Amino acid sequence: MTGKLCPFCRGLGWVCENHPLRAWSEKLGGCRCGEGMPCTCNTTEDPEIRVVIVEADTTWH
């Protein structure tokens, strides 16, 4: 859940990767010079991001 009163992302949940203290937004005061990344107040996690990577058995018999 994002913090609606967050001083960094202003409730968007995303900040600029290059400037993590600025919201990832084209609006006044926002920044989009880098990729967007989750703000510290953004505690929701997309299940697709948390996929467990299973290494294949590469042993040759």
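1. In this predicted model, N42 is placed in the segment after β2. N42 counts as buried because its relative accessibility is 13%, below the cut-off of 20%. From this position the side chain of N42 reaches the backbone oxygen of G13, with 2.9 Å between them.

2. For a reader new to the chain, the overall outline may help at this point. The secondary structure comes to two strands and zero helices; the strands are β1, covering 14-16, and β2, covering 36-38. The chain has 61 residues, of which 23% count as buried, and the area that the chain exposes is about 5300 Å², with carbon and sulfur atoms supplying 59% of it. Among the contacts in the chain with a separation of 6 or more, 26% are accounted for by residues 24 or more positions apart.

3. Where does C31 lie, and which residues does it touch? C31 has its place in the loop between β1 and β2, and because its relative accessibility is 8%, C31 counts as buried. When its neighbours within four places in sequence are left aside, C31 is in contact with C16, H19, R22, A23, W24 and S25. The C-alpha atom of C31 is also separated by 7.8 Å from that of V15, a residue 16 positions away along the chain.

4. S25, which appears among the contacts of C31, likewise belongs to the loop between β1 and β2. S25 counts as buried because its relative accessibility is 11%. A polar atom of the S25 side chain lies 3.1 Å from the backbone nitrogen of K27. Leaving aside the neighbours of S25 within four places in sequence, the residues in contact with S25 are L12, G30, C31 and R32.

5. R32 and W24 deserve a separate remark, as R32 has been named among the contacts of S25 and W24 among those of C31. The charged end of R32 sits over the ring of W24, at 4.0 Å from the centre of that ring. As for pairs of aromatic rings, the structure holds zero of them.

6. The cysteines call for careful reading. How many disulfides are counted in the model? The count comes to zero, where the rule asks for a pair of cysteine sulfur atoms within 2.5 Å. C9 is in no disulfide, and the nearest cysteine sulfur, which belongs to C41, is 3.5 Å away. C9 counts as buried, because its relative accessibility is 0%. Why is C31 without a bond to C33? The sulfur of C33 is the closest cysteine sulfur to that of C31, but the two are 3.6 Å apart, and this is too far for a bond. By way of background, a disulfide is a covalent bond between the sulfur atoms of two cysteines.

7. P7 offers a contrast in accessibility to the buried residues discussed above, since at 62% relative accessibility P7 counts as exposed. P7 lies in the segment before β1. The C-alpha atom of P7 is separated by 8.9 Å from that of A23, although the two residues are 16 positions apart along the chain; A23 is one of the residues in contact with C31.

Key: Residues numbered from 1 in each chain as written. Predicted model: local features only at pLDDT ≥ 70, side-chain atom pairs only at ≥ 80, totals over all residues. Heavy atoms only, no water. Phe/Tyr/Trp six-rings, centres within 6.5 Å; stacked < 30°, edge-to-face > 60°. Lys NZ or Arg CZ within 6 Å of the ring centre and 35° of its normal. Helix = DSSP H or I, 4+ residues; strand = E, 2+ residues; numbered from the N terminus. Buried < 20%, exposed > 50% of the residue type's maximum accessible area, 1.4 Å probe, protein only. Contact = heavy atoms within 4.5 Å. Areas by Shrake-Rupley, 256 points an atom, 1.4 Å probe, with all protein chains shown as cover. Polar contact = N/O pair within 3.5 Å; in protein donor to acceptor, adjacent residues only side chain to side chain.
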